[in-house]
Amino acid sequence: MAGRYTPKTVLAHLIQRRNQTYSEIVAEFVELGGTITERHLRRLASGERAGTTPQTRRTLQRMFGKPVEELLAPYVPEQAAQVVPAPAASGRITTGNEMEVLDMAASRARAFALAAQSGLGSEAMEQVYDDVRHVAKAYPQRPLPEILGQLVETQDLVFALLESRQRPEHLRQLYFLGGVTGGLLAKASHDLGNPHAALTQARTAFLCADNADHHGLRAWVRGLQSLVSYWAGNPHDSVRYAQLGAGYAEQANSTTSVWLPVSEARAWAALGNPEATRAALERAEAAWNTVRNDDLDEMGGLCTFGRHRQLYYAADALAWLPGEVEQAERYSSQAVDAYNDQNHPEWAFGDAAGSQAAMAISRIVNGELDGAADAIAPVLDLPAERRINGVVHSARRVHQALRQSGRADDARELQEEIEMFTRTPMQTFPR
């Protein structure tokens with residue numbers, strides 16, 4: 001080993017044996033869906049740091065074939081013959097191919113059944129409803145790459161049916177489903193960081209809602225337009241869309257009557273208006289007294305708005321306002337607790353991540369940097385296919401809060417981890 005340094009840890013020894021640079025190891029780490037900086041890796045390998053997130057531990061074990069406790073243990077030269085590095089991962093592991101084949105077969109069977117009829121019958125109409133309902137429920141809980149193809153295919157099917165001759169009694173139902181699929185694709189476009197495509201889909205969805213004459217669907221699409229504008233950095237437009245939908249929500253009395261004012265609250269908060277924020281939050285809470293679920297709410301998933309999301313939106317809104325830090329921490333704590341149960345029908349990975357980010361921001365304002373790092377850790381653990389646009393922006397808000405805290409030097413490592421996380425958004429689909 002002439003000319004080479006004596007490694008301090010087993011991890012450093014394995015890196016040396018692999019004959020790779022630290023930057024190459026970091027690149028491989030990120031390719032496997034992890035997040036780590038070269039500085040952090042060097043500190044782990046040198047024995048200067050032992051703290052790691054669960055995601056970091058999993059990825060290191062996958063790369064080197066040993067538990068982190070063993071990797072970070074002091075390296076003893078006499079054990080060199082016993083330490084054999086695991087072979088480098090050859091690529092991302094792909095699972096579920098059998099399910100993809102079954103989904104393709106089901107899609108072919110569905111297309112045949114619909115084409116074999118001269119007009120939509122009750123069974124065929126129920127099949128289309130079931131397709132849309134399935135995607136709406138799956139959307140908040142599954143990575144977008146897993147469902148995007150089915151969503152596009154379902155919209156194409158609904159539009160094809162609308163463009164062909166249909167019985168009058170089915171047209172309104174198809175326009176309703178066209179509005180729902182258009183809204184879901186608006187959200188998908190937003191999640192991929194394309195607000196222009198998102199608003200284009202939303203306008204078509206609103207046209208479908210008009211043709212279906214469905215107040216709840218009109219209000220829901222306005223809520224999506226408010227959401228897209230908020231994350232695109234256009235809070236004035238976000239307020240405008242939320243207010244445009246208020247009249248429809250009032251007539252529908254669906255959960256959109258809660259979603260629209262709490263969406264407006266987030267936008268007012270981003271504009272630095274605490275009075276308008278608090279007023280909108282109060283309207284959202286009061287709206288629960290008159291809510292009754294409509295057929296859009298019955299779709300579930302992204303088509304309805306529940307208490308969990310209200311807690312998250314309130315926390316996200318109040319995190320903008322320095323004078324509301326106590327309330328922000330209270331709401332974010334409740335939201336994080338609510339999203340802990342991944343089996344709950346309202347669970348959504350994006351909103352769960354947003355709740356964690358809001359908690360991190362409130363802790364930063366309180367000077368609790370270690371608490372903020374704990375709060376944002378589950379977000380930084382998210383694999384690339386779940387780093388949707390809103391999640392990445394939430395992480396950036398935490399980074400901004402750290403910069404503005406006056407303790408940037410103390411938080412340098414956390415800032416670097418956030419920067420690494422935001423460099424690998426969801427546009428990097430799994431291969």
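# A guided tour of a predicted helical chain

Select Asn253 to begin: with a relative accessible area of 17%, this residue is buried, because burial here means a value under 20%. The model in view is a predicted one. Asn253 lies in the loop between H12 and H13. Display its backbone torsions as well: phi of Asn253 is positive, at about 55°, although the residue is not a glycine.

**The end of H12**

Next, select Ala252, which belongs to helix H12, spanning residues 235-252. Ala252 is buried too, its relative accessible area being 14%. Show its surroundings while leaving out residues up to four places away in sequence: Ala252 then touches His215, Gly216 and Arg292. To follow one of these contacts along the backbone, draw a distance between the C-alpha atoms of Ala252 and His215; the separation is 5.5 Å, for two residues that are 37 apart along the chain.

**The loop before H11**

From His215, go to Asp213. This residue occupies the loop between helix H10 (195-212) and helix H11 (215-231). Which sign does phi of Asp213 have? The value is positive, near 50°, in a residue other than glycine. Asp213 has a relative accessible area of 48% and is therefore classed as partly exposed.

**The whole chain**

Zoom out and colour by secondary structure. The protein chain has 20 helices and 0 strands. It comprises 431 residues, of which 53% count as buried. If contacts are restricted to residues at least 6 apart in sequence, 68% of them join residues at least 24 apart.

**The aromatic rings**

Now display the side chains of Phe, Tyr and Trp. How many aromatic pairs does a search of the whole structure find? The search finds 6. Select Trp259 and Phe305 among them: their ring centres are 6.2 Å apart and their planes lie at 20°, so this pair is stacked. The two residues come from distant parts of the chain, 46 residues apart: Trp259 is in helix H13 (residues 256-270), while Phe305 is in the loop between helix H14 (274-287) and helix H15 (307-318). Both Trp259 and Phe305 are buried.

Add Tyr312 and Tyr313 to the selection. Their rings form an edge-to-face pair, with 5.4 Å from centre to centre and 85° between the planes. Tyr312 is buried, as is Tyr313. Keep the four side chains on screen together, for Trp259, Phe305, Tyr312 and Tyr313 form one aromatic cluster.

**H14 against H15**

Hide the side chains and show the helices. Two packed helices are described by the angle between their axes and the distance between the axes. For H14 and H15, the axes come within 11 Å and cross at roughly 175°. H14 and H15 are therefore roughly antiparallel to each other, since an angle over 145 degrees is counted in that way. Which residues make the contact? On H14, select Thr277, Leu281, Ala284 and Glu285; on H15, select Arg307, Gln310, Ala314, Ala317 and Leu318. Coloured by residue class, the contact of H14 with H15 divides into 5 nonpolar, 2 polar and 2 charged residues.

Two further residues may be visited from here. Arg278 lies in helix H14. Its relative accessible area of 33% makes Arg278 partly exposed. Measuring from C-alpha to C-alpha, the viewer should give 9.9 Å between Arg278 and Glu324, which are 46 residues apart in sequence.

Thr290 is found in the loop between H14 and H15. At 45% relative accessibility, Thr290 counts as partly exposed. Draw a line from its C-alpha atom to that of Thr255: the two atoms are separated by 9.3 Å, and the residues are 35 apart along the chain.

**Two arginines over rings**

For the last stop, select Arg222 together with Phe206. The charged end of Arg222 sits over the ring of Phe206, at a distance of 3.9 Å from the ring centre. Then select Arg397 and Trp320. Arg397 lies over the face of Trp320, 3.9 Å from the centre of the ring.

Note on methods:
Residues numbered from 1 in each chain as written. Predicted model: local features only at pLDDT ≥ 70, side-chain atom pairs only at ≥ 80, totals over all residues. Heavy atoms only, no water. Phe/Tyr/Trp six-rings, centres within 6.5 Å; stacked < 30°, edge-to-face > 60°. Helix = DSSP H or I, 4+ residues; strand = E, 2+ residues; numbered from the N terminus. Buried < 20%, exposed > 50% of the residue type's maximum accessible area, 1.4 Å probe, protein only. Lys NZ or Arg CZ within 6 Å of the ring centre and 35° of its normal. Axes fitted to C-alpha atoms, helices over the stretch in contact; angles between N-to-C directions. Parallel < 35°, antiparallel > 145°, perpendicular 65-115°, else oblique. Contact = heavy atoms within 4.5 Å. Nonpolar A, V, L, I, M, F, W, Y, C, P; charged D, E, K, R; others polar.
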